[in-house]
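Reader: Before I rely on any labels, I would like to see how each one is reached. Could you take me through the reasoning?

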Amino acid sequence: MYDDLKAQIEEKQARWFAFLDKLTIKAKELYEPAFEELANIRKADGDPNKSTYNKALSGVCGQFGVIAKKAHDTLESEIIDFYYDARSEAISQPLSSILYEFKNTCYERFYELEESLLNMERALRDDAKADLEEEYAKIIDAFNGTRDKLLCSQCGHLLPIDRIFCISVHIACPACGAQNTFEPSPKTRNLQFIAKELAEKRCKHLLDAYGDEKQNERDLYHKAHNIKLNSIHASNDDKIKAAREIEAINLERERSIQNAPQLYAKYLRAVCDEMNNILPDFKEHHETAYHEQIKQIVKVEIK
């Protein structure tokens, strides 16, 4: 029975790895041509909201989601169900630790695929943001090129335009007091549609720091978990040593858990500040959105 169950575990793991390898290949075959195709669609899309491009991007990302779901469903049906069925047989055998390690190894490979899919999606979205600084510079240049040419419709006096406007505004003439309606150009109006993504791009290094901290916490968990697994059949002295190592790792992991939301809050604050700089007239709206996001972080931490 020992040899039979051990063979089943090995076969299940091998088939699971092969299945994930096929899904990984499928994801890469989807990702690589999509990168260039989406860039072409984005450049050809004249809509300020980039509706055609965003629809195409959502479609590609949706296919990544389908791959992730297929992997998760197979993990549940082929790995986890097998694990619980085999656990009753293995509980009285040395195979119990092998079975437990099998489950965790299969989970780790699933998380690797999931992370790979997220990285592909992130790369596609980041590629779109690569054009934002250039687009922003063009908007500013266009604005600067017209701000000294805006004259009062009544007396012809130069109108004071002290900041960029992306919506229609009324400006009083300093000479005669007449109200003039300022209509921003279509290019300038587009600023309100790219502001958030531009701010996020500028603050990406802070979001990456948050992601690194989250990954560090996961790595520490797996490190402690592996030490625990390896000490199951160890001597008492080695078990004591392992327990001390795990305790130290858990303390470091707890610091990482506490630090992660602080890093994310720092990222949100920086994004808000950037948006205030890009669109100062919408500062109140930006601040309200920021405080709502901070509240959500607090709720998650309390839970």
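Author: The questions below take a few labels and set each against its definition. This is a predicted model, in which local features need pLDDT of at least 70 and side-chain atom pairs count only at pLDDT 80 or more, while totals for chains, interfaces and linings use all residues. Residues are numbered from 1 along each chain as its sequence is written, and side-chain values use heavy atoms, with hydrogens and water left out.

Reader: Why is asparagine 104 called buried or exposed?

Author: Buried means under 20% relative accessible area, exposed over 50% and partly exposed in between, with a 1.4 Å probe and protein chains only; asparagine 104 has 14%, and is therefore buried. This residue lies in helix 3.

Reader: What makes the pairing of asparagine 104 with histidine 225 a polar contact?

Author: The term requires a pair of N or O atoms within 3.5 Å; within protein, one must be able to donate a hydrogen and the other to accept it, and residues adjacent in sequence count only if both atoms are side-chain atoms. The side chains of asparagine 104 and histidine 225 make such a contact at 3.0 Å.

Reader: How do you know that the buried residues of helix 4 line one face?

Author: The buried residues of helix 4 are Leu132, Tyr136, Ile139 and Phe143. Seen down the axis of helix 4, they fall within an arc of 60 degrees, taking the directions from the helix axis to the C-beta atoms, so they line one face of the helix.

Technical notes
Helices (H or I, at least four residues) and strands (E, at least two) are DSSP runs, numbered from the N terminus.
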